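Please work through the following exercises on helix packing with the sequence and coordinates at hand. Each task is followed by a solution that proceeds step by step.

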Amino acid sequence: MANRRNGTASPADGPGDALSAAALHPRTSLPNVATIVTTVAALYFGREVFLPIAIALLLTFALAPLVSALKKVGIPRIAAVIASVLGAFAALGLFSFIVATQVSELAQNIPVYQTNILTKIRSLKETGVGGGILARLSKVVERVGQEIDRQDPSLPAATPEKPPREPVPVEIVARERPLQVLQNIVGPLISPLGSAGLIIVVVIFMLLEREDLRDRFIRLVGYGDLHRTTEALQDAAKRVGRYLLMQLVVNIVYAVPIAIGLWALGIPNALLWGLLALALRFVPYIGPIIGMLLPLFLALAVAPGWSLVLWTAALFVVMELITGNVIEPWLYGSRTGLSPLAIIVAAIFWTWLWGPLGLILSTPLTVCLVVLGRHVPQFEFLDVLFGNEPVLEPHARLYQRLLAGDPEEATDHAEEMLEEKYLVEFYDKVAIPALLLGEQDRVRGVMGDLQRRQVAASALMLVANLDDSAQEEAGEEEEPPVAAEASDDGDPNGEDEKTDLPDGTDMSVLCAGGRGELDDAAAAMLAQVLEVQGATVSKAGFADMEPASIRRLELETVDTVVVGFLNRDSVKHARFLVRRLKRAKAALRVGIVFWSEAGSEDKETADKLARDMNADFVAHGMVDAVLGALSNEPPVALKLVAKRRMRRQRAASKKVTAAAAG
């Protein structure tokens with residue numbers, strides 16, 4: 001609510017910038033199909049090469065802060081790198097050893113748990129829950145138990161027709177050489193150990209040559225724009241390193257209570273489940289679920305009742321709620337820069353590409369791609385597809401909803417913004433620029449009459465839906481909204497002068513559209529802001545501004561008429577309306593708002609245009625329009641046009657001449 005309480009509504013950021021939004025945000029170019037297919041094929045068929053490099057790169061990002069910290073305390077660079085790498089891989093090795101030991105112990109105790117599982121299944125079967133499914137499940141469990149109890153499953157079962165034969169003693173003579181035996185044992189271990197050793201070496205050299213690799217990368221892809229390339233590298237290193245480190249801390253904070261809770265509940269191998277919960281939580285979304293299912297199944301097998309299963313499920317649910325809603329936002333929040341859908345899609349893609357390791361690496365790898373797209377124009381589509389930043393400006397997003405005829409969603413977005421902004425700010429910076437985009441489409445000829453009326457109707461519905469917010473704002477017992485106007489002298493420090501919106505009590509204003517339905521929608525927005533300020537407001541459509549209709553307007557109790565135009569080419573029409581309105585009521589103040597010019601001209605230019613049009617004021621944005629409409633200045637008297645005065649003088653001269661001749 002801090003922004004709303006400050007209440008800044010700067011015309012300098014208003015509709016004038018909306019028309020140049022397309023220039024500031026050019027259309028994102030997408031790569032062709034051949035490029036995508038070639039890249040994916042290279043990653044798939046070259047996974048034996050790219051996967052170790054990707055792991056080494058991510059570990060480099062994760063260990064770089066630790067190396068920098070060790071260097072700051074006086075440890076030499078080489079010693080800091082080696083100590084960090086060996087410490088990290090020693091921790092991974094210890095983790096793997098403990099998990100393997102626990103899994104071996106669990107495998108030995110599996111036959112003990114089958115009795116409890118069968119008991120629970122039979123109890124459910126007796127109660128009639130599950131029917132045939134439980135019967136088949138019971139048979140499967142029994143077969144598993146029988147297979148485990150059998151000492152030699154390769155021997156055929158004895159048949160009643162043939163009596164069992166006596167076993168024949170057999171002496172096995174090993175013909176393999178000791179070297180072959182060693183090869184059979186060590187062979188399966190060579191590939192993973194070789195990959196691990198390669199990753200260690202690559203990480204060490206990346207950490208030692210980090211500055212040199214950075215310079216080479218800059219020279220290769222970004223020498224022409226050192227600022228952008230350096231910013232991209234720093235952003236990638238910061239995001240990935242912080243994500244990995246903070247995710248590790250979050251997972252440890254999550255896993256330790258899980259392990260302690262499972263041990264207290266009496267779940268066997270609680271340390272194993274805690275370590276698996278720590279590792280699986282690196283896998284987005286599905287990792288915590290998998291880490292919970294295994295202990296739940298074991299709780300089902302350990303105890304004959306159901307209370308242990310419920311307590312185990314409650315432990316995981318409570319820890320997940322605390323971690324997701326308290327610990328994660330506190331430590332790092334949503335700083336990965338990825339949208340939730342992007343995380344799921346990335347997990348599917350990298351799992352298909354590189355298997356289980358790809359699933360674990362999916363989030364940090366996608367973070368790197370998003371950072372690349374955020375700073376390199378050629379890859380901007382990656383940031384658009386996977387980033388969590390809004391890809392449309394607020395006014396463009398609102399216009400899209402109005403164009404789609406969906407005022408309800410537009411209202412939802414507006415109410416979210418009104419939690420931090422005042423109504424005048426929302427209309428000035430978002431709603432009016434959205435209507436300007438519609439007017440721009442109308443001028444270009446891409447918007448038909450039916451579509452224009454639909455956009456206008458949706459905008460009017462939006463204004464009607466915001467009545468409650470307007471009444472709530474009007475009823476707030478605090479200082480009136482403060483609108484920020486850019487200083488005329490162009491403050492070099494970028495500071496703005498604050499202007500309080502005046503109180504409109506006991507003032508009557510008529511707001512009208514100038515030349516179309518979209519102008520009527522803009523006039524309705526201005527009318528609602530004036531009502532918040534306490535003025536008595538009436539509204540008129542552009543059809544009411546026709547010459548034959550102006551005479552029928554009830555202007556007796558109206559102090560000021562404000563006519564708005566979204567099209568800047570309406571100066572002549574606005575001058576005509578000013579004359580018509582002032583002839584209808586001499587004491588009437590008439591103001592003109594050219595929404596398309598908000599913030600693009602200074603006050604002197606606006607005053608000059610007002611004098612030329614014989615108007616009381618000319619505004620370019622919502623703030624100036626409110627100030628002009630609620631001003632206490634006397635109305636400007638209607639002046640005769642010079643050409644009309646000359647025609648009247650000529651007519652009078654002719655009459656005098658004719659009278660003299662007669």
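**Exercise 1: α11 and α12**

In this predicted model, helices α11 and α12 are roughly antiparallel to each other. Task: explain why α11 and α12 are described in this way, and determine which residues make the contact.

Solution. Begin with the geometry: α11, covering residues 270-280, and α12, covering residues 286-302, pack at an angle of about 160°, and their axes are 8 Å apart. Angles over 145 degrees count as roughly antiparallel, and α11 and α12 are therefore assigned to that class. Turning to handedness, the crossing of these two helices is right-handed. On the α11 side the contact is made by Trp273, Leu276 and Leu280, while α12 contributes Gly287, Pro288, Ile290, Gly291, Leu294, Pro295 and Leu298. Sorted by character, the residues of this contact comprise eight nonpolar, two polar and no charged.

**Exercise 2: α16 and α19**

Task: establish how α16 and α19 are oriented to each other, and state which residues of the two helices meet.

Solution. The axes of α16 (residues 394-403) and α19 (residues 449-465) cross at roughly 115° and come within 8 Å. Since the range from 65 to 115 degrees counts as roughly perpendicular, α16 and α19 are therefore roughly perpendicular to each other. The next step concerns handedness, and here α16 passes α19 in a right-handed crossing. From α16, Leu398, Tyr399, Leu402 and Leu403 meet Gln451, Gln454, Val455, Ser458, Ala459 and Leu462 of α19. Classifying the residues of this contact gives seven nonpolar, three polar and no charged.

How values were computed:
Residues are numbered from 1 along each chain as its sequence is written. This is a predicted model: local features need pLDDT of at least 70, side-chain atom pairs count only at pLDDT 80 or more; totals for chains, interfaces and linings use all residues. Side-chain values use heavy atoms; hydrogens and water are left out. Axes are lines fitted to C-alpha atoms, for helices over the stretch in contact, and angles run from 0 to 180 degrees between N-to-C directions. Helices (H or I, at least four residues) and strands (E, at least two) are DSSP runs, numbered from the N terminus. Angles under 35 degrees count as roughly parallel, over 145 as roughly antiparallel, 65 to 115 as roughly perpendicular and the rest as oblique. A crossing is left-handed if the near helix is turned anticlockwise from the far one by less than a right angle, and right-handed if clockwise. Contact means heavy atoms within 4.5 Å. Ala, Val, Leu, Ile, Met, Phe, Trp, Tyr, Cys and Pro count as nonpolar, Asp, Glu, Lys and Arg as charged, and the others, Gly among them, as polar.
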